[in-house]
Amino acid sequence: MTSTVRLESPIVYRMRFWWALVRAAVLLTVLATAPPFLAELSASPAHAAPRGSADFGWPLTPTPAVVKGFDPPGERWLPGHRGVDLAAPAGAVVRAAGRGVINFAGTVGGKPVVSIRHSDGLLTTYEPVTASIRSGQPVNRGAPIGTLVAGHAGCSTPCLHWGARRGAGASAVYFDPLALLGQIQVRLKPIAPEDHGEPQED
């Protein structure tokens, strides 16, 4: 019995080769773009970073100096600075950064604290502040919520510690409150020749 071997023409072979390359290119493109796309889809509002909005303003007037910026820890259990410290004299009127409802007004660990829950689930905190309002009371942006007292750790002079987070306890996610004002800026640092193209850290 004689068997015949069917050979493909060079044209068919080339077409199959190029079609395989096209499919590989499409697959690589999908794999390269899918992670950020999926991450955007899966990002829940509870973990979405706040954005600058006209609905928020500084909790102090006039615009205060930032004594210490936001510096969250690398791990939840490590020490860090989960907010910003704003310079102000003792007795300064502290105002609601945005419209919301007073979530808490009292003392925590001996420190007077006020927190406000906003419509998008964001919680802003203010300490050390002697409250002039009560829990459950609605407030508008700029409404007085208390007066600043001295004693915040880390400040040699009176300062307001202003924080922003979503969630509570182990599930709390902290954000830079300056993001609410659109005040966050990215600084590009010059690269020295000896750095070999690697950015340097502070």
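Let's start with the disulfide. Cys155 is joined to Cys159, with 2.0 Å from S to S. The criterion is a pair of cysteine sulfur atoms within 2.5 Å. By that rule the count is one disulfide. The torsion about the S-S bond of Cys155 and Cys159 is about 90°, so this disulfide is right-handed. Both cysteines have burial values. Cys155 is buried, at 16% relative accessible area. Cys159 is buried too, at 1% relative accessibility. Buried here means under 20% relative accessible area, exposed means over 50%, and partly exposed is in between, with a 1.4 Å probe and protein chains only.

A word on the model. It is predicted, so local features need pLDDT of at least 70 and side-chain atom pairs count only at pLDDT 80 or more, while totals for chains, interfaces and linings use all residues. Residues are numbered from 1 along each chain as its sequence is written, and side-chain values use heavy atoms, with hydrogens and water left out.

Now the overall layout. The protein has one helix and eleven strands. The order along the sequence is α-β-β-β-β-β-β-β-β-β-β-β. These elements are DSSP runs, numbered from the N terminus: helices are H or I with at least four residues, strands are E with at least two. There are 202 residues, and 29% of them count as buried. Take contacts with a separation of 6 or more: 58% of them are between residues 24 or more positions apart. A contact means heavy atoms within 4.5 Å.

Next, Asp85. It sits in strand β2, residues 84-87. Buried or exposed, at 1% relative accessibility? Asp85 counts as buried. What does Asp85 touch, leaving out residues up to four places away in sequence? The list includes both disulfide cysteines, Cys155 and Cys159. Also on it are Ala65, Val66, Val67 and Lys68. His152, Leu160 and His161 complete the set. There is a C-alpha distance to note as well. Asp85 and Gly154 are 8.8 Å apart in space, C-alpha to C-alpha, and 69 residues apart in sequence.

On to strand β10. Two side-chain pairs involve this strand, and I'll take the charged one to begin. Side chains of opposite charge can pair when their charged atoms come close. The rule for a salt bridge is a side-chain nitrogen of Lys or Arg within 4 Å of a carboxyl oxygen of Asp or Glu. That gives a count of one salt bridge. Arg166 and Asp120 form it, at 3.2 Å from N to O. This pair links distant parts of the chain, 46 residues apart. Arg166 is in strand β10, residues 159-166, and Asp120 is in the loop between β5 (111-117) and β6 (123-127). Arg166 is buried, at 7% relative accessible area. Asp120 is partly exposed, at 41%.

The other pair is aromatic. The structure holds one aromatic pair. Trp58 and Trp162 form it, and it is tilted, with 6.5 Å centre to centre and 45° between the planes. The rule takes rings of Phe, Tyr and Trp (its six-membered ring) with centres within 6.5 Å; planes under 30 degrees apart are stacked, over 60 edge-to-face, and the rest tilted. This pair also links distant parts of the chain: Trp58 lies in the loop between α1 and β1 (66-68), Trp162 in strand β10, 104 residues apart. Trp162 counts as buried, at 0% relative accessibility.

Over to strand β5, and Ser115. Ser115 is buried, at 4% relative accessible area. Residues up to four places away aside, Ser115 touches Val101, Ile102, Asn103 and Phe104. It also touches Leu123, Thr124 and Thr125.

Two peptide bonds deserve a look. Most peptide bonds are trans. Thr61 and Pro62, however, are joined by a cis bond, with omega about -5°. Pro62 is in the loop between α1 and β1. Glu127 to Pro128 is also cis, with omega near -10°. Pro128 is in the loop between β6 and β7 (129-131).

Last, the surface. The protein exposes about 13,700 Å², and carbon and sulfur atoms supply 60% of it. Areas come from the Shrake-Rupley method with a 1.4 Å probe; for residues, only the protein chains shown count as cover. Phe17, Trp18 and Leu21 make a nonpolar patch of about 330 Å². Patch residues have over 30% relative accessible area and no salt bridge; like charges are joined within 9 Å, nonpolar side chains (Val, Leu, Ile, Met, Phe, Trp, Tyr) within 5 Å. Trp18 lies in helix α1, residues 10-42. Trp18 is exposed, at 53% relative accessible area.
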